[in-house]
Amino acid sequence: MAAAHEASEHAGRAESTNVGSTTLEQLDADVSRIANDYVHIPPIPMAVEMMRVRRRVYRLLEGRQQPADTSHLYLLAGILSGLLANASTDLGHYDAAGDQVRAAFAYGELSRHNGLRAWTRGMHALIEYWSDRPRRGVELARSGLDYADSPTARVRLLNIEARIWSRLGSVDDVERCIHAAEDARASAGAADLLHDEIGGVFGFGAAKAKYYAGATLIDLGRADPALAATEQAIELYASGPSHQRSYGAESLARVDNATAHLVNGSLDGAAEALLPVLALDEDKRIKQLQERLGGVRRRIAAPHFRDAAGARELDERIEEFCASTAVRRIPGGQG
């Protein structure tokens with residue numbers, strides 16, 4: 001009887017939970033809202049909201065819940081850590097982004113969620129790319145394919161790999177990845193929670209694919225196809241729903257478009273492409289824009305443009321833009 005009572009008491013404790021279906025539904029809604037709001041709201045207030053919701057998830061994980069609910073909470077913690085990795089990169093804190101993305105992958109392992117594991121590997125690859133460790137980025141993008149169950153996840157990872165190979169100057173590898181991405185996009189497969197259902201930051205639609213194509217072609221020095229790809233990306237963002245319009249990706253596509261114009265010798269074309277970018281509010285001036293605009297300034301300083309009318313004015317406007325960025329609006333921001 002003592003053993004029976006012990007079993008009954010233990011079963012009673014195991015049945016108790018601090019998580020109800022309403023709580024999980026609210027957290028799911030919060031995560032989806034944040035992922036979709038992030039593409040059109042500045043990174044700092046969004047990062048604050050990400051941390052608020054993740055702290056709530058952490059508090060719940062300290063309590064007792066059913067195993068399935070624990071796995072669900074780990075998935076939410078992983079998604080929020082991935083979002084914070086994305087925000088950290090936009091603010092130029094790549095070391096912090098690396099810590100967040102490794103935590104996100106660990107939560108993906110705990111929840112056994114391939115969509116999170118695949119997306120996280122791609123995010124980590126991009127962090128390595130921006131941190132000037134492209135070969136490590138290639139390894140991470142490739143490893144993500146082991147978890148990519150959906151066509152969208154595979155297309156994203158292959159585009160990331162192609163972009164990194166272009167930095168390394170390997171045309172053959174770029175073309176291999178592009179062809180594989182085309183095959184993946186045309187293939188059948190189940191939808192993915194992050195890439196297809198939640199979307200927003202996690203999505204990889206036609207506009208983002210064209211933006212990636214433009215960046216890849218710029219690194220390869222192919223100005224004309226880069227112009228075409230970036231113009232398509234800009235048009236797709238401009239003509240799509242306003243709540244899905246990623247100011248960051250669209251602005252970066254415009255910078256790549258300006259770079260392609262400069263490669264073709266058109267300073268006026270570059271200046272026109274950059275007008276909406278240079279008009280961005282300070283809190284939306286993410287680190288990648290600052291870095292890419294530095295490349296534009298180096299091209300303007302070349303002998304071909306040095307004495308051209310408008311070159312000095314454009315250079316001064318870019319300098320002013322880079323002096324007031326989102327990075328400088330947080331403690332420790334170096335610009």
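Helices here are DSSP runs of H or I of at least four residues, numbered from the N terminus. With that numbering in hand, begin by selecting A104, which sits in helix 5. The model under inspection is a predicted one.

**First stop: A104**

Show the surface around A104 and then hide it again: this residue is buried, its relative accessible area being 0%. Next, display the surroundings of A104. Beyond residues up to four places away in sequence, A104 touches G78, S81, G82, L116 and T120. A distance label may then be drawn from A104 to L194: the two are 90 residues apart in sequence, and their C-alpha atoms lie 13 Å apart in space.

**The whole chain**

Zoom out and colour by secondary structure. The protein chain contains 17 helices and 0 strands. Its radius of gyration is 22 Å, close to the 20 Å that the globule rule gives for 335 residues, so the chain is as compact as a globular protein of that length. Aligned to its principal axes, the C-alpha trace spans about 95 × 45 × 35 Å.

Switch to a surface representation of the protein chain. About 15,400 Å² is exposed, and carbon and sulfur atoms supply 49% of that area. Among the 335 residues, 53% count as buried. A contact map gives a further view: of the contacts with a separation of 6 or more, 67% are between residues 24 or more positions apart. If the charged groups are coloured by sign, there are 39 positive and 46 negative charges, and the mean positions of the two sets are 3 Å apart.

**The nonpolar cores**

In soluble globular proteins, nonpolar side chains tend to be buried together. Here, select L73, I79, L83, L274 and I318, which have the most contacts inside the largest nonpolar core, a set of 95 residues. Then highlight helix 4, residues 67-90, which gives the most to this core, with 10 residues.

Centre the view on L83. Leaving out residues up to four places away in sequence, L83 touches I34, A35, M50, V201 and F202. Apart from the largest core lies another, of 6 residues; select L217, I218, A226 and A260, which are among them.

**Helices 2 and 3: D30 and P43**

Which residues does D30 contact, its neighbours within four places in sequence left aside? Select D30 in helix 2, residues 21-37. The contacts of D30 are with R52 and V53. This aspartate is buried, with a relative accessible area of 8%, where the cut-off for burial is under 20%.

Move on to P43, in helix 3, residues 43-61. P43 counts as buried, at 0% relative accessibility. Aside from neighbours within four places in sequence, P43 is in contact with Y38, L91, Y247, D283, I286 and A326. For a longer line across the model, label the separation of P43 and H261: their C-alpha atoms are 29 Å apart, with the two positions 218 residues apart along the chain.

**K284 and its surroundings**

Select K284, in the loop between helix 14 (267-278) and helix 15 (287-300). K284 touches H40, P42, Y247 and L289, residues up to four places away in sequence not being counted. Y247 has already appeared at the previous stop, as a contact of P43. Draw a line from K284 to P42: although 242 residues apart in sequence, the two are 5.1 Å apart from C-alpha to C-alpha.

**Three loop residues**

Turn now to the loops that follow helices 5, 6 and 7. Is R112, in the loop between helix 5 (94-111) and helix 6 (114-130), buried or exposed? At 69% relative accessibility, R112 counts as exposed. Inspect its backbone as well: phi of R112 is near 55°, a positive value in a residue other than glycine.

Proceed to D132, in the loop between helix 6 and helix 7 (134-144). Phi of D132 is likewise positive in a non-glycine residue, near 60°. D132 counts as exposed, with a relative accessibility of 60%.

End at D149, in the loop between helix 7 and helix 8 (151-168). D149 is exposed, at a relative accessible area of 54%. A last distance label may join D149 to A191: the residues are 42 apart along the chain, and their C-alpha atoms are separated by 8.5 Å.

Key:
Residues are numbered from 1 along each chain as its sequence is written. This is a predicted model: local features need pLDDT of at least 70, side-chain atom pairs count only at pLDDT 80 or more; totals for chains, interfaces and linings use all residues. Side-chain values use heavy atoms; hydrogens and water are left out. Helices (H or I, at least four residues) and strands (E, at least two) are DSSP runs, numbered from the N terminus. The radius of gyration is taken over C-alpha atoms; the globule rule is 2.2 Å times the number of residues to the power 0.38. Buried means under 20% relative accessible area, exposed over 50%, partly exposed in between (1.4 Å probe, protein chains only). Contact means heavy atoms within 4.5 Å. Accessible areas come from the Shrake-Rupley method with a 1.4 Å probe; for residues, only the protein chains shown count as cover. Lys and Arg count as positive and Asp and Glu as negative; His and the chain ends are not counted. The place of a charge is taken as NZ of Lys, CZ of Arg, CG of Asp or CD of Glu. A nonpolar core is a set of buried Ala, Val, Leu, Ile, Met, Phe, Trp, Tyr and Cys residues joined through side-chain atoms within 4.5 Å.
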